[in-house]
Each structure stands twice: as structure tokens, then as C-alpha cells.
Amino acid sequence: MIVCAVVFVDLVGGTGTVWLPLLAAGPALAAATSRPAGVLGVGLLAALLGAGIGVRRGMAASELAVVLSTLVAVALAGTLAGVLRARRERVLAAVRSVAETAQHALLVPVPETVGPFRTAVHYSAAAAEARIGGDLYALVPTPYGVRMIVGDVRGKGLPAVGTAALVLGVFREAAHDEPELLDVVSRIERSLARNLGDDDFVTAVVAGYPEPGRLEVVNCGHAPPLLVRGAEVVPVDPVRPAPPLGLRALTGESPGLQVVSLDEGDQLLLYTDGVTEARDTEREFYPLAEGLARHLCDEPARTLAALHQDLLDHVGGRLHDDAALLLLRKPFATAGTGDAGGPAPTGSPVVRPLTAEPGPGVGGAFDAREGTA
């Protein structure tokens, strides 16, 4: 287009001597988009047209030779740049392929239905070209019910991937072996204590659904899950806060088991701080609970798609930290009816904090290990 524009200006009566050097922009820009042969072709076209314009305008032979030498040099440099660019693109494609394979091996895709739940996952890595990062999730059916984990490794990008792989490997193994959820967490803690550095840790929520209506939650320094029941969005704040995984030896504190009722129609959202700490141009954090209330529907995949788009709109199009969202919905036994046969709840949920006392919105939360309300 640039070459044609210079020729057009010359044909309509412009001063060709002034515009002629702009022909070098053609092969220079072609190096960014075309193959080496294409760059050479554009360079040859620019040189031929430049020679024609110079002859037509009566340029001195020495001046025309300088201009044509410049065009040839730019074309050759652009061709070399095209060769190097094509080589880097092949390397990047190979790295992406490996990264995607590693992601599928590390973060196993979650099916739409797991046990009694409809499920959906959305994951975004801050290192966009790497496709993987330090956030982790897993959802597995076990002999002791459906168990899940969502966590965040200290740091982000590829350096955190090894720790995430370690946590997920231990979790998947322990989730099938250990009858008690606290023992699963202890297995992960022991493994991290042997393998992590002094400054490394992992925040995580480990949850299990061992029997109908009973959700067990162990929160290790992580953001509280959001429970949706009827017209309420409720943060499941830990009754007894515990340190992140890998730091128990420094504090001597053990996590407690929290039990929350999870009935038909309820939904549970687990997430990482890449979501709640995302800021807009005015440095305001993303209001996850309000966003969930706005976009909630009966299809977890649709809910997460709308929620993620809302998050991107909030930050201006690109996240600067790894972000993971895991949403579960316990569907009604009969479509369109609740537990007592009435219609399914409608309307926009409202945000309300969870208390330790039983209430009509959410079943009571208590520390099962300590036995305190």
C-alpha cells in the first residue's frame, strides 16, 4: 500500500524526488508480516518503481543510485529480519504446544458433571504466552465423595508451576486414600514442608461433599468461597483461620474443619486472589460477590463466561495476575422444583455475610473438629 501510494502521488504530479525515499518503508514493514520471499518481492517492486520514478523525474544518476542502493539494502535487511521472525515464531509455537500439553496434564479439564454437581472452570494465566501459572484447581470424585481444591502458589508464571504440580499430585493421591478431609490437607502440608523453600507457601481451600447436604471446607489462608442459596450470596468465612500450606511449622496452628449445608439449587464459587485483587483504572478492586449476583444463572459455564468478561471489562482487558474460578451447582432433583416441590428460586441474589449461627439462608457453619458453633 505504501509503494502504491508513492507511485500514485508521483503520477498525479507530486515531487517524486521528495517522496521516493518512502518506498523503503514497503519492504521494511513487509518484514513484520510476510515471508522472506514476500519481503524480497516487495523490495524488488519498490526498487523497480523507484528507478522508473527517478528516470521519469530526471534525477541525477548518482542520486538515483543512492536511493536504489538504500532500497536494496532495506529489502535485504527486511528479508533477514523475516527469516529471524519466522524462526522465532516456530520456536514460540513449539513452546505454546508444550505449555498447552503441560496445562492439560497439570490442570485436568473439569467435565460438565461431576458426581451430583454441574460444574465449570475458568482459568487465566498472567503469563499469557505461557498459558499456565501458579494458580491451581482440581475436582475429583472419590470413594469419600466429591473433593476439590483451589489454590494460589506464592509468585506467578512458570516459576510457580512446579509447586502447583506438586500440590495437585499430592491432593489427587490423598483425596482417594484418606477418609478424612483434614488428613488430605495434612498430606499436602507434609509434602510441601519437605519440598518448599523457607519463603514459599500456597494458600488453598480444600472442600469435600461426603454425603448429601454436607459440605466440608478447610481454608488455609485463602479467600473464602462464595455460597449462593436462593437470594443470597454468602462468603464462607473460616471459623478458625489457618496459615497457608507450607507455613504450619512456623505457627504451630492446624486448620479446622468447617461444615456448611449445601442443598439442591445451591451454588459454590471457589476462586483465587487474581480475581478479587484485580483493579480498574481508579485502583478499585473487582467486587466479585456483586458480579456473581449480577451474572448468576442455572448454567455454571454461562455464569463463569459472563463473570470473566465482566472482570476483563473492569480491568481494561488484561489481567495482571493468575486467576482461577471454579463454580459448582447442585441441581434440583426434578427440573424446576425445589426440595419441597415448589418452584426454583428466582430473582437476583443479594450479598450477605455468613455467620456461625444457623439461619434460614444458609445452614449453620461450625468447626467439626472442635465441636464449637
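Trainee: How do the residues of the lining of the second largest cavity divide into nonpolar, polar and charged?

Mentor: This is a predicted model, in which local features need pLDDT of at least 70, side-chain atom pairs count only at pLDDT 80 or more, and totals for chains, interfaces and linings use all residues. Residues are numbered from 1 along each chain as its sequence is written, and side-chain values use heavy atoms, without hydrogens and water. The lining consists of E189, C220, P243, P244, L245, R248, E253 and P255. With Ala, Val, Leu, Ile, Met, Phe, Trp, Tyr, Cys and Pro counted as nonpolar, Asp, Glu, Lys and Arg as charged, and the others, Gly among them, as polar, the division is five nonpolar, no polar and three charged.

Trainee: How much space lies in the second largest cavity?

Mentor: A cavity is a set of points on a 1 Å grid over the protein atoms alone where a 1.4 Å probe fits but cannot get out, and lining residues have an atom within 4 Å of a point. Points are joined across faces, edges and corners, and the volume is the space filled by probe spheres set on them. Two cavities of 30 Å³ or more are counted, and the space in the second largest is about 30 Å³.

Trainee: Why is strand β4 largely enclosed by the rest of the structure?

Mentor: Strands are DSSP runs of E with at least two residues, numbered from the N terminus, and two of them pair if DSSP finds at least two bridges between them. Strand β4 pairs antiparallel with β3 over eight bridges, and eight bridges also join β4 to β5 in an antiparallel arrangement. Buried means under 20% relative accessible area (1.4 Å probe, protein chains only). Strand β4 is largely enclosed because its buried residues number nine of the nine.

Conventions
1 Å grid on protein atoms, 1.4 Å probe; cavity = no way out; pocket = protein on both sides within 12 Å on 5 of 7 lines; lining within 4 Å. Buried < 20%, exposed > 50% of the residue type's maximum accessible area, 1.4 Å probe, protein only. Helix = DSSP H or I, 4+ residues; strand = E, 2+ residues; numbered from the N terminus.
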